[in-house]
Amino acid sequence: MLISGKELANEVKDQVRERVEKLKETYGREPHLVLILVGDDPASRTYVAGKYNDANSVGFRVTRLHLSAATTEKDLLALIDRLNGDLTTDAILVQLPLPDHINEQKIINSINPHKDVDGFHPENIAALWQRREGYVPCTPRGIIRMLDWKGIEIDGKHAVVVGRGNIVGLPVSKLLLDRNATVTLTHSRTPDLGSLTRQADILIVAAGSIGLIHGDMIKPGAIVIDVGINRNPETGKLCGDVIFEECEKVAGMITPVPGGVGPMTKACLLENTVECFIDNENRNRNSSMMTI
Ligand code: NDP
């Protein structure tokens with residue numbers, strides 16, 4: 001049984017498109033997302049192009065800024081500072097990774113947390129862990145949406161997460177905990193990974209390690225969410241961390257790569273942008289009332 005993130009992402013896009021029409025009537029403008037790409041990394045170019053097309057397709061205003069790889073940290077910080085202060089910029093996304101000479105954390109920290117559509121700013125991360133309102137990173141949000149869409153019970157289940165990265169593993173573990181799963185978080189130093197993955201009712205793999213999860217590492221009937229994006233060196237095709245052909249025979253449900261988590265990450269970016277827009281509009285109104 002496949003969990004098609006692509007199908008759900010199309011539903012989400014339709015909902016966002018309808019919402020944008022109503023927002024335009026209420027606020028007189030559409031949400032504005034600014035995408036910043038520094039350098040020419042081919043994977044990053046593809047990701048930004050995908051985000052740009054999706055955002056355009058739902059009726060957002062989208063500004064794509066492509067800066068040269070030689071852009072200095074100071075110039076990038078100055079650009080973000082200008083966008084932070086621009087009343088009509090609702091959401092700012094800086095595509096990662098950045099060139100080595102730019103301190104990535106410094107850039108993330110410089111984005112106004114209200115415009116941090118990726119949910120990577122420390123203030124949004126703290127909000128997630130303290131159960132306060134904030135922006136949830138798009139991939140973990142998309143994973144939970146897919147589980148809910150398929151009617152998969154999370155409460156009381158044992159979820160095993162492979163990978164403790166800031167973008168996927170850690171935040172998705174927190175979201176699962178909030179839904180009363182018992183969570184085992186594993187990483188590259190975990191001995192005997194299979195002994196843990198075999199206990200999982202829900203297995204989420206976000207390691208970026210091709211061929212990591214074999215069929216015999218899965219409990220029969222388990223839900224398998226493959227977040228990894230790798231390129232098979234032999235075929236050149238995209239693949240996940242899970243050996244799909246082996247695992248689909250054992251799993252109850254499984255996400256494909258491509259067509260699983262990836263499209264939902266982009267769909268949740270659209271939802272986060274709408275939330276940034278409403279937040280920005282409310283803040284702009286409040287500050288103009290204070291000025292009066
Ligand atoms: P990180 O590099 O931040 O984290 C990778 C994690 O995997 C680390 O915690 C690492 O352990 C762990 N790990 C690596 N190898 C193994 C192993 N052999 N056994 C167990 N754990 C291992 O990566 P991200 O979280 O940013 O991304 C993970 C993957 O998800 C990547 O393939 C990325 O491309 C993909 N991704 C996909 C998205 C989508 O939309 N589909 C969105 C974002 C990411 P340790 O901490 O010990 O080093």
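Contact here means that heavy atoms lie within 4.5 Å, and in this predicted model that criterion can be followed outward from a single residue, Leu 176. Setting aside the neighbours within four places in sequence, Leu 176 is in contact with Ile 144, Leu 147, Ile 154, Ala 159, Val 161, Ala 181, Val 183 and Ile 204.

Leu 176 also has a place in a wider grouping, since the largest nonpolar core comprises 50 residues, and those touching the most other members are Phe 60, Ile 143, Leu 147, Leu 176, Ile 204 and Ile 225. The element that gives the most to this core is helix α10, spanning residues 261-291, which supplies 9 residues. Apart from this core lies another one, made of 17 residues, including Ile 36, Leu 79, Ile 80 and Phe 120. In soluble globular proteins, nonpolar side chains tend to be buried together.

From Ile 36 the reader can turn to the strands. An open sheet is formed by 3 strands in the order β2-β1-β3, with parallel pairing; its edge strands, β2 (61-67) and β3 (91-94), each pair on one side only. Averaged over the sheet and with direction ignored, neighbouring strands are turned by 15° against each other. Strand β1, which covers residues 32-38, runs parallel to β3 and is joined to that strand by 4 bridges, and Ile 36 stands opposite Val 94 in β3. Helix α3, residues 73-85, packs on the sheet and touches β1, β2 and β3, while the direction of this helix makes about 180° with that of β1.

Terms used:
Residues numbered from 1 in each chain as written. Predicted model: local features only at pLDDT ≥ 70, side-chain atom pairs only at ≥ 80, totals over all residues. Heavy atoms only, no water. Pairing = 2+ DSSP bridges. Helix = DSSP H or I, 4+ residues; strand = E, 2+ residues; numbered from the N terminus. Axes fitted to C-alpha atoms, helices over the stretch in contact; angles between N-to-C directions. Core = buried A, V, L, I, M, F, W, Y, C linked by side-chain atoms within 4.5 Å. Buried < 20%, exposed > 50% of the residue type's maximum accessible area, 1.4 Å probe, protein only.
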